[in-house]
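Visitor: I should like to examine one part of this model closely, together with its surroundings. Please take me through a single helix and the residues on either side of it.

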Amino acid sequence: MSKASVRFSIALILACVFMAIETSLAAEVLPAAARLPPLIGQDPDIHNCLSTLQAVQGCVQEIIASFFSHQVQLIGPACCKAFNEVDDKCWPKVFPFNPYFPPLLKNYCTNVIAGGGASSTPPTPTLRAR
């Protein structure tokens with residue numbers, strides 16, 4: 001195994017461990033004023049926001065894969081339809097550290113829905129004559 005893959009494996013394991021730590025432990029250690037906000041899975045507002053996406057099988061996974069790979073074309077038409085039904089006020093709660101991803105995905109999904117499906121090739125840029 002290369003050093004890079006070992007480092008990645010260790011980072012992945014540590015990330016999983018830290019995500020598994022219950023917030024109740026933090027609540028016991030930290031005073032009420034210093035408590036962190038609930039994790040994504042525990043915030044009822046985010047849960048309500050994502051309920052539309054959870055109704056489409058695999059949609060949440062498609063969005064996560066798209067987010068981490070920076071490839072919006074991984075989102076299918078059914079997921080795009082569900083994504084466009086989610087209130088715009090939800091996205092800052094779901095993606096608090098990347099405010100640019102939801103508008104990018106919304107633009108892509110609007111084009112997919114208007115075009116009747118996802119395209120395997122990106123649109124060709126057109127030049128306007130002056």
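Guide: The account below begins with the chain as a whole and then turns to helix α5 and its neighbours. The model is a predicted one.

The secondary structure of the protein chain consists of seven helices and zero strands, and along the sequence the pattern reads α-α-α-α-α-α-α. Of its 130 residues, 20% count as buried. Among contacts between residues at least 6 apart in sequence, 57% join residues at least 24 apart. The accessible surface of the chain is about 9900 Å², and carbon and sulfur atoms account for 64% of that area.

The approach to α5 starts in helix α4, which spans residues 59–69 and contains S66. S66 is buried, its relative accessible area being 0%. Leaving aside residues up to four places away in sequence, S66 touches Q71, V72, L74, I75, F101 and L105. Two of these contacts, I75 and L105, return below among the residues with the most contacts inside the largest nonpolar core.

Between α4 and α5 lies a loop, and H70 is found in that loop. H70 is not a glycine, yet its phi is positive, at about 60°. Most residues other than glycine have a negative phi. In contrast to the buried S66, H70 is exposed, with a relative accessible area of 69%.

Helix α5 itself covers residues 77–85. Within α5, the residues C79, C80, A82 and F83 are buried. Viewed down the axis of the helix, the buried residues of α5 fall within an arc of 165°, so they line one face. The cover over these buried residues includes α3 (44–54), α4, α6 (91–94) and α7 (101–115).

The charged residues of α5 include K81 and E85, which form a salt bridge with their closest N and O atoms 3.2 Å apart. K81 and E85 are four residues apart in α5, which means that about one helical turn separates them. An α-helix has 3.6 residues a turn, so residues three or four places apart point the same way. K81 counts as partly exposed, at 49% relative accessibility, since this class lies between the 20% and 50% limits.

The total comes to two salt bridges. The other pair is D88 with K106, whose closest N and O atoms are 3.5 Å apart. D88 lies in the loop between α5 and α6 and K106 in helix α7, so this pair ties together parts that are 18 residues apart in sequence. D88 is partly exposed, with a relative accessible area of 46%, and K106 is likewise partly exposed, at 24%.

The last element of the picture is the nonpolar interior. In soluble globular proteins, nonpolar side chains tend to be buried together. Here the largest nonpolar core has 22 residues, and those with the most contacts inside it are L53, I63, I75, W91, L105 and Y108. Each of α3, α4, α5, α6 and α7 supplies at least two residues of this core. The largest share, five residues, comes from α7. Helix α5 thus has a part in this core, while α3, α4, α6 and α7 are among the elements that cover its buried residues.

Notes. Residues are numbered from 1 along each chain as its sequence is written. This is a predicted model: local features need pLDDT of at least 70, side-chain atom pairs count only at pLDDT 80 or more; totals for chains, interfaces and linings use all residues. Side-chain values use heavy atoms; hydrogens and water are left out. Buried means under 20% relative accessible area, exposed over 50%, partly exposed in between (1.4 Å probe, protein chains only). Contact means heavy atoms within 4.5 Å. Accessible areas come from the Shrake-Rupley method with a 1.4 Å probe; for residues, only the protein chains shown count as cover. The arc is that of the directions from the helix axis to the C-beta atoms. A salt bridge is a side-chain nitrogen of Lys or Arg within 4 Å of a carboxyl oxygen of Asp or Glu. A nonpolar core is a set of buried Ala, Val, Leu, Ile, Met, Phe, Trp, Tyr and Cys residues joined through side-chain atoms within 4.5 Å.
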